[in-house]
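Student: I would like to go through the helix packing here, one pair at a time. Where do we start?

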Amino acid sequence: MSRTTRAYLQLAAAMAIVGSSVVAGKMVITAFPVCLASELRFLIALAVLLPMLLRAERGFPRIRKADWAVMFLQAFFGTFLFSIFLLYGLKFTTAAEAGVITSTTPAVAGLTAFLVLREKITSRNVFALALAVVGILVLNLSGADSLHLRGPRPWLGNIMVFGAVVGEALFISCGKMVSRRLSPLTISTVVSLYGAAMFLPFALADLRGFDLTAVATVQWLPVVYFGLIVTVAAFMLWYSGLAVIPANQAAVFTGVLPVSAVLLSYLVLGEAFLWTHLAGMACVLGALAVITRRS
């Protein structure tokens, strides 16, 4: 398997995991306050990442001040704001409608890579992005039509989920800036450290009057999933792939995010699956085939 092919698989797997966070997030907010759940997520991730980093680097690695600043922005946009907008948005809208909004991720991420990183956009990139957006819009909009409940404030929830999409796009561009100089393990650990620090004061406020001992064991599972899989595994996979693939190509792989979110919302939350969704998924797979095809 070539290095490029491996990177493509890593990016696709990372976005499939991030897509699952939409459904997992819906489950988390039924048992935990948003900021407390996010803080627990990063503490769980750091319990794994920090010992791994110290062992691999034989101490904490030396990092340039500029890279610390970029990773701060990455954590602020891609973990802090992303978590706030996504989890609070899911309080007001459904997982399937959140999938509708995440359909814009490839286009937003591709545009961000062009504006922030000045990466060249080829006609093949544009076609693949357009195909991915069309496909996942078809998939998600047909899913939205089957909903019986849209949530208490769907417009507010959907606007907040779009804020999460913008945060994810900036997360990708910031990650590209440091992925060639720092290891995936270093970036994942530092971003998690920043995330834990950002959520700490809000988590302490949430903890007042909230009894952790009253939470059932099964309700802890989505939080642990967020910490170990969505944070540790997805971060490591994404940074490993991003070190090889340009950000505007990686943007196409964000099309896997809404596909994963919608499929899991049907499988886990029991929403209806329609045959028309096959057309949407075919477009997404076609976009991935276009972008991964050798010139």
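Tutor: We start with how the angle is defined: axes are lines fitted to C-alpha atoms, for helices over the stretch in contact, and angles run from 0 to 180 degrees between N-to-C directions. Note also that this is a predicted model.

Student: How are helix α3 and helix α8 oriented to each other: parallel, antiparallel, perpendicular or oblique?

Tutor: Helix α3 covers residues 65-89 and helix α8 residues 184-207; they pack at about 55 degrees, with their axes 9 Å apart. Angles under 35 degrees count as roughly parallel and 65 to 115 as roughly perpendicular, so an angle in neither range, and not over 145, is oblique. The angle therefore makes α3, relative to α8, oblique.

Student: What is the handedness of the crossing of α3 and α8, and how many charged residues are in their contact?

Tutor: The crossing is right-handed. Residues making the contact include Trp68, Phe72 and Phe76 of α3 and Val191, Tyr194 and Phe199 of α8. By class, the contact of α3 with α8 has 14 nonpolar and four polar residues, and the number of charged residues is no more than this: none.

Student: At which residue does α3 bend?

Tutor: The 25 residues of α3 should span 36 Å at 1.5 Å a residue, and the end C-alpha atoms are 34 Å apart, which agrees. There is nevertheless a bend of about 35 degrees in α3, at Phe82.

Student: Which proline follows the bend in α8?

Tutor: α8 has 24 residues and reaches 32 Å from first C-alpha to last, close to the 34 Å expected. The helix bends by about 45 degrees at Leu200, and the proline that follows within four residues is Pro201.

Student: Which residue just after α2 takes a positive phi?

Tutor: Helix α2 (residues 34-57) reaches 33 Å, close to the 34 Å expected for its 24 residues. A kink of about 35 degrees in α2 is centred on Leu46. Just after α2, a positive phi of about 55 degrees is taken by Arg58.

Student: How many nonpolar residues are in the contact of α1 with α11?

Tutor: Helix α1 (residues 3-28) and helix α11 (residues 256-269) pack at about 40 degrees, with axes 7 Å apart. That angle makes α1 oblique to α11. Among the contact residues are Ala12, Gly19 and Val23 of α1 and Leu257, Ser260 and Leu264 of α11. By class, the contact has four polar and no charged residues, and the nonpolar count is 13.

Methods:
Residues numbered from 1 in each chain as written. Predicted model: local features only at pLDDT ≥ 70, side-chain atom pairs only at ≥ 80, totals over all residues. Heavy atoms only, no water. Helix = DSSP H or I, 4+ residues; strand = E, 2+ residues; numbered from the N terminus. Left-handed = near helix turned anticlockwise from the far one by under 90°. Contact = heavy atoms within 4.5 Å. Nonpolar A, V, L, I, M, F, W, Y, C, P; charged D, E, K, R; others polar. Expected span 1.5 Å × (residues − 1). Bend = angle between axes of the 7 residues up to and from the residue.
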